[in-house]
Amino acid sequence: MSDFDVARWRPAPFLPETDSRDGSLTFVVAVLCFLACLTLLTVLAANRAAHDWTDQLEGQATVIVRPKANETPDGAAARAAETLAGVPGVAEARAIEKEKAEALIAPWLGDADLSDLPVPRLVGVQLTRQAPASAQALDQALKAQGLDAVVDDHSVWMADIQRAARMARWAGLAVFGLIALAAAAVVAFATRAGLAARREVVEVLHLSGAEDGFIAGLFQLRFARMAATAGLFGAGGAAIMGAMLRLAGGGQGLTPVLPIAWIDLLSVLPAPLAAGAVAALAARFTAQSMIRELA
């Protein structure tokens with residue numbers, strides 16, 4: 001009796017605590033979580049960039065002034081700026097110098113000599129935030145003074161930016177959904193393989209009166225814990241990558257087109273919980289379906 005070992009006769013768990021395939025499965029889920037978190041950071045940065053651009057455009061307007069036969073271009077621009085400065089809802093109106101106006105069109109004309117071209121003068125208008133003047137009000141004020149001018153309130157540009165931002169959001173959500181489905185498929189495959197390897201044990205448990213939910217719950221808990229751990233690694237890697245991009249680009253991140261803020265890094269915190277939830281659902285549904293087939 002002295003050689004009797006209690007631990008030797010302890011019932012073994014239905015699922016072993018470790019499996020040779022756990023390392024590969026954890027790596028795959030971690031990579032998927034890493035890609036999902038990077039996608040989320042990209043969407044947040046794109047939304048911020050679009051919001052900043054539209055904020056800048058909403059508070060400004062540009063007026064193209066064409067001089068008449070009896071006045072100089074500079075005189076027409078100065079008169080237009082003076083007229084617009086008195087319109088309610090305009091904070092400031094300033095005629096843009098000829099050199100700056102030529103610099104704006106130089107990218108389209110190259111190094112061509114612009115001295116002989118009738119380059120129109122521009123007037124930059126800064127609108128008030130509380131009650132900005134409309135393009136119609138600016139146009140009426142210019143016509144009342146007999147000025148030949150075209151008002152651009154940047155509405156076309158803002159519509160393009162907002163449309164691009166919406167497309168980026170939907171594309172990001174689509175990529176995020178595909179990654180989640182891929183993670184669920186990986187866990188479902190692993191669950192099915194685990195159940196198939198223990199087919200005889202499942203049948204014995206059924207004969208012993210174990211319910212399907214109990215057996216499926218064992219797989220659900222196992223893969224949820226595994227996926228949460230993998231999600232922690234993936235989210236940590238994405239946060240480190242985001243921090244590196246933020247530090248590499250100084251104040252606006254790697255590029256002003258996709259400005260990453262420090263607060264964006266907090267968005268990866270739910271990744272382990274989300275990965276565990278997706279894995280738990282995939283494992284449970286797969287286990288219940290296969291158990292019914294084996295029973």
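**Exercise 1.** Determine which strands α4 lies across, and the angle at which α4 runs to β4.

*Solution.* Helices (H or I, at least four residues) and strands (E, at least two) are DSSP runs, numbered from the N terminus. Helix α4 lies across β1, β2 and β4. Its direction is at about 170° to β4; axes are lines fitted to C-alpha atoms, for helices over the stretch in contact (heavy atoms within 4.5 Å), and angles run from 0 to 180 degrees between N-to-C directions.

The model is predicted: local features need pLDDT of at least 70, side-chain atom pairs count only at pLDDT 80 or more, and totals for chains, interfaces and linings use all residues. Residues are numbered from 1 along each chain as its sequence is written, and side-chain values use heavy atoms, with hydrogens and water left out.

**Exercise 2.** Establish the order of the strands in the open sheet and identify its edge strands.

*Solution.* Two strands pair if DSSP finds at least two bridges between them.

1. Strands β1 (residues 60-66) and β3 are antiparallel and share six bridges; Thr 62 has Gly 124 as its bridge partner in β3.
2. Strands β2 (residues 90-95) and β3 are also antiparallel, over five bridges. Ala 93 is partnered by Val 125 of β3, and Ala 95 stands opposite Val 123.
3. The four strands thus follow the order β2-β3-β1-β4 with antiparallel pairing.
4. The edges are β2 and β4 (148-152), each of which pairs on one side only. From one strand to the next, the twist averages 20°.

**Exercise 3.** Explain why β3 is described as largely enclosed.

*Solution.* Buried means under 20% relative accessible area, exposed over 50%, and partly exposed in between (1.4 Å probe, protein chains only). In β3 (residues 121-127), five of the seven residues are buried, so the strand is largely enclosed by the rest of the structure.

**Exercise 4.** Check the length of α2 and locate its buried face.

*Solution.*

1. The 13 residues of α2 (residues 73-85) should span 18 Å at 1.5 Å a residue, the expected span being 1.5 Å times one less than the number of residues. The end C-alpha atoms are 18 Å apart, which agrees.
2. The buried residues of α2 include Ala 76, Ala 80 and Leu 84.
3. Seen down the axis, the buried residues fall within an arc of 165° (taken from the directions from the helix axis to the C-beta atoms), so they line one face of α2.
4. On the other side, Asp 74 and Glu 82 are exposed.
5. Among the elements covering the buried residues of α2 are β1, β2, β3 and α4 (135-144).
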